Amino acid sequence: MEDGVVQPSETADTARVRRTVLTVAGLNLAGFGVEVVVAFAIGSVALVADSVDFLEDTAVNLLIALALGWPLARRALAGRAMAGIILLPALAAAWQAVVKAGDPVPPDVWPLALTAGGAALVNLTAALLLARVRHHGGSLGRAAFLSARNDVAVNLAIIAMAGLTAWTGSGWPDIALGVGIVLLNGTAAVEVWRLAGEERLAARALAGEGAA
């Protein structure tokens, strides 16, 4: 940018990032619609948490599309809001785990494994798309990429858990994985909060230079 004029390449980059995150938001919204229905139908704690992850990722990517071009200070505030949003699936999983612990009936294994496999494909596609733009948008872009990457690992863990559930005939593997998702999302939230804090400090430094 020179003399306040946005260069064509910068505009093209912004448009490319916006198209990418809107595509990812659509994929996640569709994934949420399918997974939440199956999750409640078969009574899986882990799948409930993962379905809320899809909704969280939809919100994150929509916010990125809106926040592109915002100054550092506003992006930092939005990043901290995203850290809070990332905690939502963790809280949902924790509640479901508490409820299920009182009656640890195992979920239906085949719908669980097949749904997790489909979710893994959706999240892998999202992660590959976001990997190319994760350095744009600061903490928001990083939040979207981290969430998609972590979700692939979670989906694979759910598939493995389905096999363990079939072997043991117990609902406790599902509950244990639900607790693991709580911890994973908590870690992602801390990382996004840290990155947003760095952006806030950078914004203050720039403001100081402007006042000097």
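This passage describes the fold, the buried positions and the surface of a predicted model of one protein chain.

The protein chain contains six helices and zero strands. Read from start to end, the chain follows the pattern α-α-α-α-α-α. The chain has 212 residues, of which 43% count as buried. Among contacts in the chain with a separation of 6 or more, 83% are accounted for by residues 24 or more positions apart. The exposed area of the protein chain is about 10,300 Å², and carbon and sulfur atoms supply 70% of this area.

Helix α1 spans residues 8-42 and includes Val 24. Val 24 has a relative accessible area of 1%, and because this value falls under the 20% limit, Val 24 counts as buried. When residues up to four places away in sequence are not counted, Val 24 touches Asn 61, Ala 126, Leu 129 and Leu 130. Of these, Ala 126 and Leu 130 are themselves among the buried residues of helix α4. Val 24 and Leu 62 are separated by 38 residues in sequence, while the distance between their C-alpha atoms is 9.0 Å.

Helix α4 covers residues 109-131, a run of 23 residues. From the first C-alpha to the last, helix α4 reaches 32 Å, which is close to the 33 Å expected at 1.5 Å a residue. Buried positions in α4 include Leu 112, Ala 113, Thr 115, Ala 116, Ala 119 and Ala 120. Asn 123, Ala 127 and the two contacts of Val 24 named above, Ala 126 and Leu 130, are also buried in α4.

Asn 123 of α4 is in contact with Asp 57, a residue placed in helix α2 (residues 45-67). Leaving aside neighbours within four places in sequence, Asp 57 also contacts Asn 28, Ser 147 and Asp 151. Asp 57 is buried yet has no salt bridge. The nearest side chain of opposite charge belongs to Arg 149, 11 Å away. Since a salt bridge requires a nitrogen and a carboxyl oxygen within 4 Å, a separation of 11 Å does not qualify.

Helix α3 comprises residues 72-101. Met 82 lies in this helix and is buried, with a relative accessible area of 3%. Met 82 and Val 60 are 22 residues apart in sequence, and their C-alpha atoms are 6.5 Å apart in space.

A search of the whole structure finds one salt bridge. Lys 100 forms this bridge with Asp 174, and the closest N and O atoms of the pair are 3.6 Å apart. The bridge links distant parts of the chain: Lys 100 belongs to helix α3 and Asp 174 to helix α6 (residues 172-211), with their positions 74 residues apart in sequence. Lys 100 counts as buried because its relative accessibility is 11%, and Asp 174 is buried with a relative accessible area of 0%.

Helix α3 also contains Val 99. The relative accessible area of Val 99 is 46%, and therefore this residue is partly exposed. Val 99 forms a nonpolar patch on the surface with Trp 95 and Val 98. Together, the residues of this patch have about 350 Å² of accessible area. In helix α3, then, Val 99 is partly exposed, whereas Met 82 is buried and Lys 100 is likewise buried.

Note on methods: Residues are numbered from 1 along each chain as its sequence is written. This is a predicted model: local features need pLDDT of at least 70, side-chain atom pairs count only at pLDDT 80 or more; totals for chains, interfaces and linings use all residues. Side-chain values use heavy atoms; hydrogens and water are left out. Helices (H or I, at least four residues) and strands (E, at least two) are DSSP runs, numbered from the N terminus. Buried means under 20% relative accessible area, exposed over 50%, partly exposed in between (1.4 Å probe, protein chains only). Contact means heavy atoms within 4.5 Å. Accessible areas come from the Shrake-Rupley method with a 1.4 Å probe; for residues, only the protein chains shown count as cover. Patches are made of residues with over 30% relative accessible area and no salt bridge: like charges are joined within 9 Å, nonpolar side chains (Val, Leu, Ile, Met, Phe, Trp, Tyr) within 5 Å. Lys and Arg count as positive and Asp and Glu as negative; His and the chain ends are not counted. The expected span of a helix is 1.5 Å times one less than its number of residues.
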